[in-house]
Each structure stands twice: as structure tokens, then as C-alpha cells.
Amino acid sequence: DWGAIATTHMGQLAADRLIGIHVNMAVPRPPEGDPMANVRPEEMGGLADLAHFRQHETGYQAIQGTKPQTLAYGLNDSPAGLAGWILEKFRTWSDCGGDVYSTFTRDQLLTNITIYWVTGTINSSTRLYYESMKSGGSLAAFTGRVEVPTGIAVFPREIVRPPRSWCDEVYDVQHFTQQPKGGHFAAMEQPELFVDDVRSFFRRFR
């Protein structure tokens with residue numbers, strides 16, 4: 001997600017040095033006027049899921065965006081607490097049907113958790129939310145349009161799945177695919193689908 005935001009900023013601010021960008025979580029603004037005018041019926045589910053996420057799944061944003069240091073004391077002190085904090089996100093945000101081990105191996109999950117644990121860096125990772133909120137939000141500096149060719153892969157369990165018409169308002173969309181499976185951690189969940197989509201988009205620039 002932060003990679004998609006950074007890539008969107010790059011597409012706006014460094015267009016003369018890029019041949020294109022590819023994201024699997026587009027971050028467009030709703031178009032002016034009636035934002036629902038060109039939304040297709042099959043795209044409504046993405047908007048409904050996002051509304052549900054904002055209502056029920058953003059507690060982590062609130063604490064990381066306001067009191068990251070307090071949270072860090074507990075997570076840095078307890079490997080079980082750290083594991084619980086991270087694993088809950090893998091389970092909720094991935095396309096695993098509630099069984100996190102159906103999508104990720106234990107080695108993958110433990111490696112991810114261990115990197116935070118042995119380096120003591122859960123605090124610096126959560127402070128990203130605090131610093132972002134203090135500076136006006138992750139897209140505070142983004143007011144224009146991405147004019148470089150853009151490829152977008154939409155995975156069915158991604159948190160943000162905006163309508164194509166919304167994406168066209170912000171990006172120069174030249175490649176837009178609906179993937180059959182995968183969620184928020186697309187490159188880790190479905191590496192072959194992800195890599196194939198990146199290759200398919202950038203192949204046109206050879």
C-alpha cells in the first residue's frame with residue numbers, strides 16, 4: 001500500500017524519468033460531479049468492502065497514527081503480542097478465507113515477524129502512520145494527475161479496489177486487469193500472477 005502511494009507520487013513528480021508505473025493498489029480520488037456516474041455494477045462490491053473496512057478495520061490506523069510509541073512498548077516487549085498484531089493483518093487482508101496458513105507458510109509468516117523482532121523496528125514502522133497524519137495524510141502532496149503510462153492490477157481481496165472510471169481520472173491507465181485471486185499482499189500471496197501482470201504491462205515498452 002505504501003509502495004503504491006510512493007509510486008503514485010513518483011508518477012506525478014518524476015514523470016520525465018519514468019517509462020511507466022505499475023501498482024496493485026490504485027489510490028485515485030473520486031471524480032468531480034457524480035462519482036457514481038460511470039461505476040459499473042460489478043465494481044460496487046469494491047466500494048462496499050472499502051466502506052466496511054473503514055468502519056470495522058481501521059483501529060490500527062488510529063493507534064499507529066496517534067500513539068505509536070505507547071503501542072511500541074508492548075509490541076517490543078512481547079513476541080506473542082507482536083505476532084498477534086502482525087498475523088491478524090495477514091489473516092484479515094489476504095485472500096485466505098480465514099485460514100492464514102492456506103495462503104502463507106509458517107516460515108513466511110515467522111520470517112516477517114522475526115525481522116521486526118530481532119531488529120526492534122516495529123515502532124519505526126508504525127510511526128510512518130503518525131508522521132503521515134501529522135503532514136496531512138499519505139496523499140497530501142498529490143493534487144495533480146499521473147501522466148506516465150500506468151498499469152493497474154486489481155486483486156479481489158485488496159482493501160482498495162476503486163472503479164476503473166476513478167482510476168482514469170488520476171492515472172493514464174493503459175493496462176487494467178482483474179486478477180482471479182489474491183489480496184493485499186499480492187506479491188507474496190500470488191507471486192506468479194503479480195509478476196506476469198508486471199511483465200505484461202512493461203513488455204510494451206521494450
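Rings of Phe, Tyr and Trp, the last represented by its six-membered ring, are taken to pair if their centres lie within 6.5 Å. In the predicted model examined here, a search of the whole structure on this basis returns 11 aromatic pairs. One of these joins W2 and Y129, whose ring centres are 5.3 Å apart; with the planes at 90°, above the limit of 60 degrees, the pair is classed as edge-to-face. Distant parts of the chain are linked by this pair, as W2 belongs to helix 1 (residues 2-13) and Y129 to helix 7, 127 residues apart. The two partners fall into separate accessibility classes: W2 is partly exposed, at 25% relative accessibility, whereas Y129 is buried, with a relative accessible area of 15%. Both W2 and Y129 belong to one aromatic cluster, together with F53, Y60, F90, W93, F104 and F185.

Helix 7 (residues 122-134) also contains T126. The relative accessible area of T126 is 2%, under the 20% limit, and the residue is therefore buried. Beyond residues up to four places away in sequence, T126 is in contact with Q64, P68 and L71.

Helix 6 comprises 14 residues (106-119), for which a span of 20 Å is expected at 1.5 Å a residue; the C-alpha atoms at its ends are 20 Å apart, in agreement with that value. The residue that follows helix 6 is G120, with a positive phi near 60°.

Open and enclosed spaces were also examined. The second largest pocket holds about 510 Å³ of space. Its lining consists of 20 residues, of which K89, W93, Y116, Y129 and F185 are the closest to the pocket centre. Two or more lining residues are contributed by each of helix 1, helix 3 (59-66), helix 5 (79-93), helix 6 and helix 7. By class, 12 residues of this lining are nonpolar, six are polar and two are charged. Among the residues closest to the centre, W93, Y129 and F185 are also members of the aromatic cluster.

Enclosed space is represented by one cavity of 30 Å³ or more. The largest cavity has a volume of about 40 Å³. Its lining is formed by N24, M25 and A26, by I152, A153, V154 and F155, and by E158, V160, R161 and P162. Eight of these lining residues are nonpolar, one is polar and two are charged. The charged residues are E158 and R161, and the polar residue is N24.

Key
Residues numbered from 1 in each chain as written. Predicted model: local features only at pLDDT ≥ 70, side-chain atom pairs only at ≥ 80, totals over all residues. Heavy atoms only, no water. 1 Å grid on protein atoms, 1.4 Å probe; cavity = no way out; pocket = protein on both sides within 12 Å on 5 of 7 lines; lining within 4 Å. Points joined across faces, edges and corners; volume = space filled by probe spheres on them. Helix = DSSP H or I, 4+ residues; strand = E, 2+ residues; numbered from the N terminus. Expected span 1.5 Å × (residues − 1). Buried < 20%, exposed > 50% of the residue type's maximum accessible area, 1.4 Å probe, protein only. Contact = heavy atoms within 4.5 Å. Phe/Tyr/Trp six-rings, centres within 6.5 Å; stacked < 30°, edge-to-face > 60°.
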